[in-house]
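Thank you all for coming. I would like to walk you through one protein model this morning, starting with its overall layout and then moving to its charged pairs and its surface.

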Amino acid sequence: RPHNLHGALAPPGHQRSAEHRYHRAPEPRARTFTTVHAQTHRRRKRTKLMQALVATQQPSCRPAGATTPSPRRRNLHAARRGPTPTHAARPPTGVAAAGSVEDLPANLAKIVGSFQSVPDSMQRYKQLLYFAAKLKGFPEEARVEDNKVPGCVSQVWVQPRIEGDLVYFTADSDSQLTKGLAALLVVGLSGSTPKEIMSVQPDFVELLGLGQSLTPSRTNGFMNMLRLMQKKTLECYMASEAAKVAE
């Protein structure tokens with residue numbers, strides 16, 4: 001019987017030829033500690049090469065020749081510099097921050113304080129309905145286009161009057177929620193001077209805590225109410241001053 005390369009006898013019936021020789025399959029090599037260590041080393045080396053390749057493709061902000069400090073050195077520098085100062089959050093560029101409660105008229109500041117003391121949004125809605133119930137009747141002859149708030153989902157009418165140096169408002173709406181928003185402005189702005197009313201910023205709704213509870217259309221209508229009331233206040237003030245000059 002012919003022998004193979006390893007010196008073992010070939011299986012029976014095997015014909016050895018010049019074109020083909022019988023080779024016994026080598027035994028699988030055991031996974032020893034040396035092979036595992038070699039594979040781990042190759043894997044780490046391959047990871048370092050990939051990191052170096054990525055680092056060369058990204059633009060670096062460090063000056064030429066500068067070296068990256070070790071973690072121990074970075075901690076030492078941080079300890080020498082002391083704690084990092086914290087800065088207050090700033091509003092986004094182009095967006096005006098809401099004013100403080102002290103900048104509002106006295107009655108409106110009280111209303112804002114009462115809304116801020118209620119953390120639940122459902123309770124705030126109940127407060128709006130409470131204001132809507134306190135709103136007095138609106139004269140039918142005043143339901144004209146000139147007194148109607150533009151850009152509001154519901155129909156809202158406002159009418160000012162000047163008594164002495166103070167301005168007083170009346171309003172009405174066909175929606176209870178919108179009527180509550182109108183009543184909030186009526187109660188908050190009535191009894192104020194024209195200067196105090198004109199100084200109210202539209203973004204004071206953020207102080208009420210209703211900005212996230214109201215829909216965008218309701219918020220837009222609330223802003224339009226304030227703008228129309230300020231416009232009407234200015235018109236009444238100018239008419240009152242003209243009447244004084246005429247006398």
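**Layout, salt bridges and surface**

The secondary structure of this protein comes to 8 helices and 2 strands, and I should say at once that what you see is a predicted model. If you follow the chain from the N terminus, the elements run α-α-α-α-β-β-α-α-α-α. Of the 247 residues of the protein, 28% count as buried.

Let me turn to helix 3, which covers residues 106–116. Which residues of helix 3 are buried? They are Leu108, Ala109, Ile111, Val112 and Phe115, and because these residues cover an arc of only 160 degrees around the axis, they sit on the same side of helix 3. On the other side of helix 3, Ala106 and Lys110 are exposed.

Now to the charged pairs. As a reminder, side chains of opposite charge can pair when their charged atoms come close. The structure holds 6 salt bridges, and I will take you through some of them with care.

Glutamate 140 forms a salt bridge with arginine 143, and the closest N and O atoms of that pair are 3.3 Å apart. Glutamate 140 has a relative accessible area of 57% and is therefore exposed, whereas arginine 143, at 26% relative accessibility, counts as partly exposed.

Arginine 143 also forms a salt bridge with aspartate 172, where the closest N and O atoms are 2.6 Å apart. This pair links distant parts of the chain, since arginine 143 is in the loop between helix 4 (121–134) and strand 1 (156–163), while aspartate 172 is in strand 2, 29 residues apart. Why does aspartate 172 count as buried? Its relative accessibility is 11%, and the cut-off for buried is under 20%.

A further salt bridge is formed by lysine 232 with aspartate 146, the closest N and O atoms being 2.5 Å apart. Lysine 232 lies in helix 8 and aspartate 146 in the loop between helix 4 and strand 1, so this pair ties together parts that are 86 residues apart in sequence. On the accessibility of the two partners, lysine 232 is buried, with a relative accessible area of 6%, whereas aspartate 146 is exposed, with a relative accessible area of 51%. Returning to the earlier pairs, salt bridges that share partners join Glu140, Arg143, Asp172 and Lys179 into one network.

Next, I would like to point out two places where residues separated along the chain can be compared by their C-alpha atoms. Threonine 178 has its place in helix 5, residues 176–189, and at 2% relative accessibility threonine 178 counts as buried. The C-alpha atoms of threonine 178 and valine 156 are separated by 7.6 Å, although these residues are 22 residues apart along the chain. For the second place, please look at tyrosine 168, which lies in strand 2, residues 166–173, and which counts as partly exposed at 24% relative accessibility. How many residues apart along the chain are tyrosine 168 and serine 192? They are 24 residues apart, and their C-alpha atoms are separated by 7.6 Å.

That brings me to the surface, where I have two patches to show you. One of them is nonpolar: Met198, Leu234, Tyr237 and Met238 make a surface patch of about 370 Å². Which helix gives the most to this nonpolar patch? The answer is helix 8, residues 216–246, with 3 residues. Methionine 198, for its part, lies in helix 6, residues 194–198, and at 37% relative accessibility methionine 198 counts as partly exposed.

The other patch carries positive charge, and on the surface it gathers Arg42, Arg43, Arg44, Arg46 and Lys48. One of these residues, arginine 44, has its place in helix 1, residues 33–57, and at 59% relative accessibility arginine 44 counts as exposed.

To close, I would ask you to keep two points in view when you go back to the model. The salt bridge of lysine 232 with aspartate 146 joins a buried residue of helix 8 to an exposed residue of the loop between helix 4 and strand 1. Helix 8 is also the element that gives the most to the nonpolar patch.

Terms used:
Residues numbered from 1 in each chain as written. Predicted model: local features only at pLDDT ≥ 70, side-chain atom pairs only at ≥ 80, totals over all residues. Heavy atoms only, no water. Patch = residues over 30% accessible without salt bridge, like charges linked within 9 Å, V, L, I, M, F, W, Y side chains within 5 Å. Areas by Shrake-Rupley, 256 points an atom, 1.4 Å probe, with all protein chains shown as cover. Salt bridge = Lys/Arg side-chain N within 4 Å of Asp/Glu carboxyl O. Helix = DSSP H or I, 4+ residues; strand = E, 2+ residues; numbered from the N terminus. Buried < 20%, exposed > 50% of the residue type's maximum accessible area, 1.4 Å probe, protein only. Lys, Arg positive; Asp, Glu negative; His and termini not counted. Charge placed at Lys NZ, Arg CZ, Asp CG, Glu CD. Arc of directions from axis to C-beta.
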